[in-house]
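Biologist: Can you pull up the model? I'd like to go through the ligand site, then a helix.

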Amino acid sequence: MSTAPVPQFLFPDTASIAQDGSLAIGGVRLLDIAAEYGTPAYVYDEQHLINRCNVAVEAFPDGVAYASKSFLCREMARLAQRCGMGLDVVSGGELFTVLSAGVDPSQIVFHGNNKSNAELAQAIEAKVGLVVIDSFDEIERIESLSPAKPVRCLLRVTPGIEAHTHEFVVTGIDDSKFGVVLGNGDAQHAVDRIRKSKAIELVGAHAHIGSNIYETFPFQKAVEVLEPFVIKNELTELCVGGGLGVAFMEGDSVPTITEWGASIQKAVQESNLPSDIRVTAEPGRSISANAAITIYTVGTIKDVPGVRKFVSIDGGMNENPRPILYGSPYEVFLPRSPEAIRPMKANIVGKLCESGDFIMKDALIPADTAVGDILATPVTGGYQYSMASNYNRIPRPPVLFVRDGDVKVAVRRETYEDLVRLDL
Ligand SMILES: *Cc1c(COP(=O)(O)O)cnc(C)c1O
């Protein structure tokens with residue numbers, strides 16, 4: 001087993017080693033952030049987010065929306081919009097958040113396999129740029145709202161592609177709750193149905209084939225599979241969704257956003273699709289995940305000789321449910337010595353009343369890890385904060401944006417008062 005230091009390619013773009021040998025993000029030492037703002041905390045490299053958004057806009061010049069479910073707060077919505085990205089939302093709550101951040105409604109794409117009447121009405125009233133129709137029922141639901149103008153829509157189809165990823169997050173196969181099936185003719189029936197409707201203007205087709213995908217060929221395959229459908233129905237936009245993976249661990253290798261975009265543009269150019277087709281995408285994780293490091297304080301270390309060591313931190317499944325949901329692994333390191341070798345094996349566990357509450361099993365950490373240390377997990381910017389809960393009535397950590405030596409509180413730490421604000 002390797003005892004190598006934490007791989008630095010997992011760190012956000014502006015990560016650097018400070019004079020004291022500790023890790024800094026955006027020019028601020030993580031140890032200083034922990035001292036001032038407490039732990040746990042999600043620390044985002046703002047420049048990293050900007051860099052990824054800019055690269056996505058270059059890779060998809062016809063339009064690209066940030067999948068806000070991976071990480072959303074108002075500051076993030078504003079950042080994405082400033083970089084020229086649209087905003088992809090999947091619920092009335094996400095829609096409300098981006099609207100309240102001042103995002104231009106025409107740049108919003110509204111998704112969801114079970115949008116309520118109220119959510120659809122909210123989207124239509126706000127004049128969102130696109131609604132992505134996910135089912136036959138939704139066609140009728142939109143008609144029943146009698147919109148003043150036809151609602152611009154994409155149709156989400158399941159192209160029947162199984163991308164190499166964790167099975168819980170595969171959404172492109174026929175056995176999926178999302179979209180209408182291409183292979184059995186449902187997608188064509190949906191187009192025929194929509195074309196009879198005065199309430200809907202069908203603009204294009206949408207396919208999202210999965211999440212955390214480590215190769216480009218499934219996306220090229222999706223273009224190939226959708227090509228005849230798009231041509232036959234004279235659609236003017238093809239959205240390939242999101243799903244590009246990120247490296248979480250030593251040894252993970254993934255295409256960049258630039259390589260991903262280029263492979264899709266190439267597949268379109270080599271197809272018979274019209275040259276003026278709009279090719280769009282919705283990356284989430286590949287924008288947000290590597291941008292953040294979560295910092296914790298070690299509270300107890302329990303050594304059961306011959307069994308294992310347990311290192312308890314002040315977070316857990318409440319602020320990062322991905323390990324228990326998906327078995328997702330994380331590298332673990334100490335910001336005070338990011339270049340230290342990590343010969344000690346331990347389970348990094350949270351503070352919740354569940355035996356299954358862990359951040360990483362058999363993690364490798366420096367041998368001198370001690371109670372009181374600040375401990376950190378990189379690549380925790382996507383699907384951590386957005387999936388966090390108040391289980392055990394633990395307040396959610398703050399979201400901190402760091403850039404050029406400054407720390408901005410994008411979301412403050414929850415208080416105990418926040419926890420009871422909805423209670424009678
Ligand atoms: C989740 C989702 C995305 C973003 O996926 P990532 O894996 O975060 O890139 C994009 N589009 C749709 C429709 C989604 O459901």
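Modeller: Start with the shell around the ligand: three nonpolar residues, seven polar and four charged. Here Ala, Val, Leu, Ile, Met, Phe, Trp, Tyr, Cys and Pro count as nonpolar, Asp, Glu, Lys and Arg as charged, and the others, Gly among them, as polar. This is a predicted model, where local features need pLDDT of at least 70, side-chain atom pairs count only at pLDDT 80 or more, and totals for chains, interfaces and linings use all residues. Residues are numbered from 1 along each chain as its sequence is written, and side-chain values use heavy atoms, with hydrogens and water left out.

Biologist: Which residues are the closest to the ligand?

Modeller: Lys-69, Ser-211, Glu-282, Arg-285 and Tyr-383, out of 14 that surround the ligand (a heavy atom within 4 Å).

Biologist: What does the side chain of Lys-69 offer the ligand?

Modeller: An N or O atom, 2.8 Å from a ligand oxygen. That is a polar contact (N or O atoms within 3.5 Å). Arg-285 has a backbone N or O atom 2.8 Å from a ligand oxygen.

Biologist: How much of the ligand's accessible area does the protein cover?

Modeller: 95% of the 390 Å² that the ligand has on its own (Shrake-Rupley, 1.4 Å probe).

Biologist: New topic. Which residues of H1 are buried?

Modeller: Leu-30, Ile-33 and Ala-34, in a helix of residues 30–37. Buried means under 20% relative accessible area, exposed over 50% (1.4 Å probe, protein chains only). Helices are DSSP runs (H or I, at least four residues).

Biologist: Why do they line one face?

Modeller: Down the axis of H1, the buried residues fall within an arc of 100°, so they line one face. The arc uses directions from the helix axis to the C-beta atoms.

Biologist: And the face turned away?

Modeller: That one carries the exposed Ala-35 and Glu-36.

Note on methods:
Polar contact = N/O pair within 3.5 Å; in protein donor to acceptor, adjacent residues only side chain to side chain. Helix = DSSP H or I, 4+ residues; strand = E, 2+ residues; numbered from the N terminus.
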